[in-house]
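I opened my notebook to follow one residue and the strands around it. Here is what I looked up, step by step.

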Amino acid sequence: MQTLITSKVDGKTVSAKQTIQSVILDVSPKAPIKHLNGNTLDNRKENLELYNKNLKNDCTKIDHETMGIILRDKFGNSKDTALISMEDVDDVVKDGYNWVFYKKGTELMVVANTPEGRIRLDELIMSPDETLKVHHINLNPLDNRRKNLENKLI
């Protein structure tokens with residue numbers, strides 16, 4: 001739920017969308033707010049919290065070889081799961097690396113936006129040089145297990 005609010009800035013009328021969640025939490029309309037139970041219609045104060053996009057991702061163990069990284073949207077809602085090999089967990093799941101599913105044109109990828117810039121999950125795992133590109137064998141960009149990745153010449 002949202003409404004349009006107007007205000008004067010330097011003599012000009014400026015419009016901004018204000019969500020009911022931001023009113024309830026008394027925060028900026030641009031602040032990312034997470035619904036704890038996943039129901040975006042449940043706007044009780046105890047169901048809302050500001051989402052910190054810099055925290056590391058939650059994970060779920062798939063099997064003894066595979067860890068699932070929970071990918072969330074800008075509001076903290078779970079959207080998908082990226083797969084990695086257990087041997088990569090310590091390098092991938094850490095503070096400052098908040099992994100999200102990203103679409104650039106027709107290319108889909110899992111990335112983390114860090115102060116040093118955007119990092120691709122498949123490239124972090126495979127460390128290709130400038131003559132190589134990481135290829136997902138099963139063509140699924142969410143499957144970043146080592147057995148599904150290979151470096152190929154550009």
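**Entry 1: where Arg120 sits.** I started with Arg120, which lies in strand E10, residues 117-120. I kept in mind that this is a predicted model.

**Entry 2: buried or exposed?** I looked up how much of Arg120 is accessible: is the residue buried or exposed? Its relative accessible area is 16%. The cut-off for buried is under 20%, so Arg120 counts as buried.

**Entry 3: the company of Arg120.** Next I asked which residues Arg120 touches, leaving out those up to four places away in sequence. My list reads Trp99, Glu107, Met109, Val110 and Val111. I also found a polar contact of 3.0 Å between the side chains of Arg120 and Asp122.

**Entry 4: the partner of E10.** Which way do E9 and E10 run relative to each other, parallel or antiparallel? They run antiparallel, and four bridges join them. To pin down one pair, I noted Asn113 opposite Arg118 in E10. E9 and E10 form a hairpin, with two residues between the strands.

**Entry 5: the other neighbour of E9.** I then moved to strand E8 (residues 99-104), which pairs with strand E9 (residues 107-114) in the antiparallel sense. How many bridges are there between E8 and E9? I wrote down six. Among the paired residues, Lys103 has Leu108 in E9 as its bridge partner. E8 and E9 also form a hairpin with two residues between them. In that turn, Gly105 has a positive phi of about 65°.

**Entry 6: the sheet as a whole.** Now I could put the pieces together: E8-E9-E10 is the order of an open sheet of three strands, with antiparallel pairing. Which strands are at its edges? They are E8 and E10, each pairing on one side only. On average, neighbouring strands of this sheet are turned by 50° against each other, direction ignored. A reminder to myself: in a regular strand, side chains alternate between the two faces of the sheet.

**Entry 7: another sheet.** Before closing the notebook, I looked up an open sheet of four strands, in the order E5-E6-E7-E12, and its pairing is mixed. Why do E5 and E12 each have one side without a neighbour in the sheet? Strand E5 (59-61) and strand E12 (143-144) stand at the edges, and each has a single partner strand, so one side of each is left without a neighbour there. E5 and strand E6 (residues 66-72) run antiparallel and are joined by three bridges. My last note is one pair from these strands: Cys59 stands opposite Ile69 in E6.

Note on methods. Residues are numbered from 1 along each chain as its sequence is written. This is a predicted model: local features need pLDDT of at least 70, side-chain atom pairs count only at pLDDT 80 or more; totals for chains, interfaces and linings use all residues. Side-chain values use heavy atoms; hydrogens and water are left out. Two strands pair if DSSP finds at least two bridges between them. Buried means under 20% relative accessible area, exposed over 50%, partly exposed in between (1.4 Å probe, protein chains only). A polar contact is a pair of N or O atoms within 3.5 Å; within protein, one must be able to donate a hydrogen and the other to accept it, and residues adjacent in sequence count only if both atoms are side-chain atoms. Contact means heavy atoms within 4.5 Å. Axes are lines fitted to C-alpha atoms, for helices over the stretch in contact, and angles run from 0 to 180 degrees between N-to-C directions.
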